[in-house]
Each structure stands twice: as structure tokens, then as C-alpha cells.
Amino acid sequence: MSAPVVLLGSGNVAAALALALRPHRPVRVWARRPEAAVGLAAATDASPSDHGVTAHVDLTEALAGEVHAVLFAVSDGALAALASQLAELPPGLLADTVCMHLSGYHGTGVLAPLALPACLHPNAAVTVGAGPGVFRGAHFGIGGEGEALERARDLALELGGKPLVVADE
């Protein structure tokens, strides 16, 4: 079974990502407001052929075990604080986990407190109710180093996108 992706956030982009990723791997959702994570998971409920989307109230629980990547689907202004919050979690929890944000504004530096930062910038208009195909054919600006960059590339391809390495400035 494929390792899950953890989505941090519950907005339009998080919902579209959950729909697009669930055929490929399990999706765990965590949000500041637990009811928002529960609502997103319920709205993106899987068909029998999907891996599914589950809501997690506890951040540590959402991140436990093997994780393919953590995706920060939050506002630009919330990235640094959330990265710092994750860096304060028990040692080893995220030691080998790629953490990537979706912001088109920030480079990987905003995730510097984390071990394997990357970015995955979808060039797609994601509106309310966007379906799983919203990322198909879209260009994804990706950044990071080594394994982090490879995971960003893999996810862009899983989403049906075209990865393009961008300078980290």
C-alpha cells in the first residue's frame, strides 16, 4: 500500500488535492479547526476503489507512522508559524519526512525548521468545488534538494501535472 500524504489545511486547494490524490494513496487531513478537517474528509469521501480521506483532530496522530509527504495547504501568512509548530513536535516524528508548501510566494526557506523542505506550486485556478482534474495538465513549480525535490516531482506527476524546477529565491 502507498504511504499516505498528510494535508495541513481545509480550504479549496486542500479539498482539490484530497480528491486528486485519493486514487493514488491514502490522504490524512488536519486543520486548525477540527470541524473543518472533518467536513473536508466527509465531502471528499472515497469510492470503494480509492484509498480514502480521513480527518485527524490531533496533529501528532496525523503525522504518525510512514508518511510520503506533508503538504502545507494553508495561507502564505500561516506557513512559518505552522512550520515552527511542526518543528516543536516530538523528536524523530518528521526526521525523514518531506514537508512541502503550495505557496507561489515563498521558497523552501519558510520551511527551514523542518528537515526536508520542498515546494510544490500548482499553476492552477482552484475554486470552490474544483474537481480532482483541476491539476491535470497544470505546470507545477517545484523546489527542494535531493529526496525532497524527487517527492515534489512525484506528486506533481501523480496529480497529472508537469513539474518544472524553479529557483529557490
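## The main pocket and its surroundings

Helix H4 (residues 79-87) gives the largest share of the lining of the largest pocket, namely three residues. Before we go further, please keep in mind that this is a predicted model. The largest pocket has a volume of about 280 Å³. Its lining is made up of 15 residues, and those closest to the pocket centre are Gly9, Ala31, Arg32, Val74 and Ala78. If you are thinking about chemistry, the lining residues divide into eight nonpolar, five polar and two charged.

### The chain as a whole

Stepping back, the chain has five helices and eight strands. Read from the N terminus, these elements follow the order β-α-β-α-β-α-β-α-β-β-β-α-β. Along the principal axes, the C-alpha atoms fill a box of roughly 40 × 35 × 30 Å. How does the radius of gyration agree with that of a compact globule? For 169 residues, a compact globule would be near 15 Å, and the chain has 14 Å, so the two agree. Buried residues account for 49% of the 169 residues in the chain.

### An aromatic pair

There is one aromatic pair in the structure. Phe135 and Phe140 form this pair, with ring centres 6.0 Å apart and planes at 45°. Why is the pair called tilted? Planes under 30 degrees apart would count as stacked and those over 60 as edge-to-face, so an angle of 45° makes the pair tilted. Are the two partners buried or exposed? The table gives their relative accessibility, and the cut-off for buried is under 20%.

| Residue | Relative accessible area | Class |
|---|---|---|
| Phe135 | 0% | buried |
| Phe140 | 1% | buried |

### Helix H5

Helix H5 (residues 146-158) has 13 residues. At 1.5 Å a residue it should span 18 Å, and its end C-alpha atoms are 19 Å apart, so the span agrees with what is expected. The expected span uses one less than the number of residues.

Which residues of H5 are buried? They are Ala148, Leu149, Arg151, Ala152, Leu155, Ala156 and Glu158. Here is a helpful rule for reading that list: an α-helix has 3.6 residues a turn, so residues three or four places apart point the same way. You may like to note that the buried residues of H5 include Arg151 and Glu158, and that Arg and Glu count as charged. After H5 comes Gly160, which has a positive phi, near 85°.

How values were computed
Residues are numbered from 1 along each chain as its sequence is written. This is a predicted model: local features need pLDDT of at least 70, side-chain atom pairs count only at pLDDT 80 or more; totals for chains, interfaces and linings use all residues. Side-chain values use heavy atoms; hydrogens and water are left out. On a 1 Å grid over the protein atoms alone, a cavity is a set of points where a 1.4 Å probe fits but cannot get out, and a pocket is an open set with protein on both sides within 12 Å along at least five of seven lines; lining residues have an atom within 4 Å of a point. Grid points are joined across faces, edges and corners, and a volume is the space filled by probe spheres set on the points. Helices (H or I, at least four residues) and strands (E, at least two) are DSSP runs, numbered from the N terminus. Rings of Phe, Tyr and Trp (its six-membered ring) pair if their centres lie within 6.5 Å; planes under 30 degrees apart count as stacked, over 60 as edge-to-face and the rest as tilted. Buried means under 20% relative accessible area, exposed over 50%, partly exposed in between (1.4 Å probe, protein chains only). The radius of gyration is taken over C-alpha atoms; the globule rule is 2.2 Å times the number of residues to the power 0.38.
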